[in-house]
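Reader: Hey, got a minute to go through this one with me? I'd like to start with how you sort residues by accessibility.

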Amino acid sequence: MLEFALMSYVGVMSITPGPNNLMLATSGVNYGFRRTLPHMLGISIGCSAQVFITACLLAWALQWVQAARLPLAVAGCIYLLYLSWKIARSAAPQGGETGRPMGFWAAALFQWVNPKAWVMVLNASILFMPASAETRLSAALLMALVFAVVNLPCISLWAWMGERLRHLLSGARGLMLFNLGMGLLMAGTALFLLLDEVQRAWPGML
């Protein structure tokens with residue numbers, strides 16, 4: 001029952017809109033599904049490694065993350081704004097053959113400054129890790145496996161939908177408007193996440 005609840009949690013968190021899925025949809029439009037595979041694998045493996053490390057070192061990690069949460073969020077949101085600018089100025093579909101989507105390592109490392117990934121990983125570690133220290137390692141391995149198995153199909157859907165849209169956006173104007181819209185959406189997401197983190201850090205400030 002606990003495994004089913006974990007799988008449901010990871011599935012819902014993985015398939016809902018967020019920085020990763022917005023970038024995958026945009027990459028699918030601009031580069032196609034196949035060239036976006038390293039990006040997708042980087043997200044899944046990166047999230048799995050993140051949850052394994054966090055779950056294994058839960059007590060220490062929670063203290064460290066609370067102290068580093070705002071700087072990580074600010075760094076992540078600044079990077080998201082930079083990606084928003086790049087997405088808004090992306091090339092036309094034919095330019096996608098010479099462009100380069102985000103690679104495996106870049107996508108994996110991005111999870112460590114992705115605010116949504118931290119929410120997903122920390123909540124899973126708190127909710128699904130057993131109290132017994134003896135079973136903590138095996139539970140962390142199970143969680144990492146569930147993250148990899150459930151997350152990848154969910155995020156792949158966004159890249160696949162992006163590739164389907166690619167055929168409808170073959171005109172330069174249509175793609176330009178799509179990339180501009182996705183860039184603005186990503187920028188709005190970054191600003192919303194940053195505002196939420198500032199309110200958490202200083203409740204009475206805003």
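Author: Sure. Buried means under 20% relative accessible area, exposed means over 50%, and partly exposed is in between. Keep in mind that this is a predicted model.

Reader: OK, so where does Arg164 fall, buried, partly exposed or exposed?

Author: Arg164 has a relative accessible area of 38%, so it counts as partly exposed.

Reader: And what does Arg164 form a salt bridge with?

Author: With Glu163; the closest N and O atoms of the two are 3.3 Å apart.

Reader: Is Glu163 buried or exposed?

Author: Glu163 is buried, because its relative accessible area is 18%, and the cut-off for buried is under 20%.

Reader: How many salt bridges does the count come to?

Author: The count comes to one salt bridge.

Reader: Let's zoom out. What's the secondary structure?

Author: Eight helices and zero strands. Along the sequence, the pattern reads α-α-α-α-α-α-α-α.

Reader: How much of the protein is buried?

Author: Of the 206 residues, 47% are buried.

Reader: And what about the contacts, how far apart in sequence are the residues they join?

Author: Take the contacts between residues at least 6 apart in sequence: 86% of them join residues at least 24 apart.

Reader: What about the surface, how much area does the protein expose?

Author: About 10,600 Å², with carbon and sulfur atoms supplying 73% of it.

Reader: Which residues form a nonpolar patch there?

Author: Ile15, Leu157, Trp160 and Met161 do, and together they have about 340 Å² of accessible area.

Reader: Which helix gives the largest share of that patch?

Author: Helix α7, residues 136–168, with three residues. Leu157 is found in helix α7.

Reader: Is Leu157 buried, partly exposed or exposed?

Author: Leu157 is partly exposed, since its relative accessibility is 36%.

Reader: Switching again: where is Lys116 found?

Author: In helix α6, which covers residues 115–128.

Reader: A lysine, so I have to ask: does Lys116 count as buried or exposed?

Author: Buried, because Lys116 has 17% relative accessibility.

Reader: Then what does the side chain of Lys116 reach?

Author: The backbone oxygen of Thr16, at 2.8 Å.

Reader: Which residues does Lys116 touch, leaving out those up to four places away in sequence?

Author: Lys116 touches Met13, Thr16, Pro17, Gly18 and Pro19. Thr16 therefore turns up twice, as a residue touched by the buried Lys116 and as the owner of the backbone oxygen that the lysine side chain reaches.

Note on methods: Residues are numbered from 1 along each chain as its sequence is written. This is a predicted model: local features need pLDDT of at least 70, side-chain atom pairs count only at pLDDT 80 or more; totals for chains, interfaces and linings use all residues. Side-chain values use heavy atoms; hydrogens and water are left out. Helices (H or I, at least four residues) and strands (E, at least two) are DSSP runs, numbered from the N terminus. Buried means under 20% relative accessible area, exposed over 50%, partly exposed in between (1.4 Å probe, protein chains only). A polar contact is a pair of N or O atoms within 3.5 Å; within protein, one must be able to donate a hydrogen and the other to accept it, and residues adjacent in sequence count only if both atoms are side-chain atoms. Contact means heavy atoms within 4.5 Å. Patches are made of residues with over 30% relative accessible area and no salt bridge: like charges are joined within 9 Å, nonpolar side chains (Val, Leu, Ile, Met, Phe, Trp, Tyr) within 5 Å. Accessible areas come from the Shrake-Rupley method with a 1.4 Å probe; for residues, only the protein chains shown count as cover. A salt bridge is a side-chain nitrogen of Lys or Arg within 4 Å of a carboxyl oxygen of Asp or Glu.
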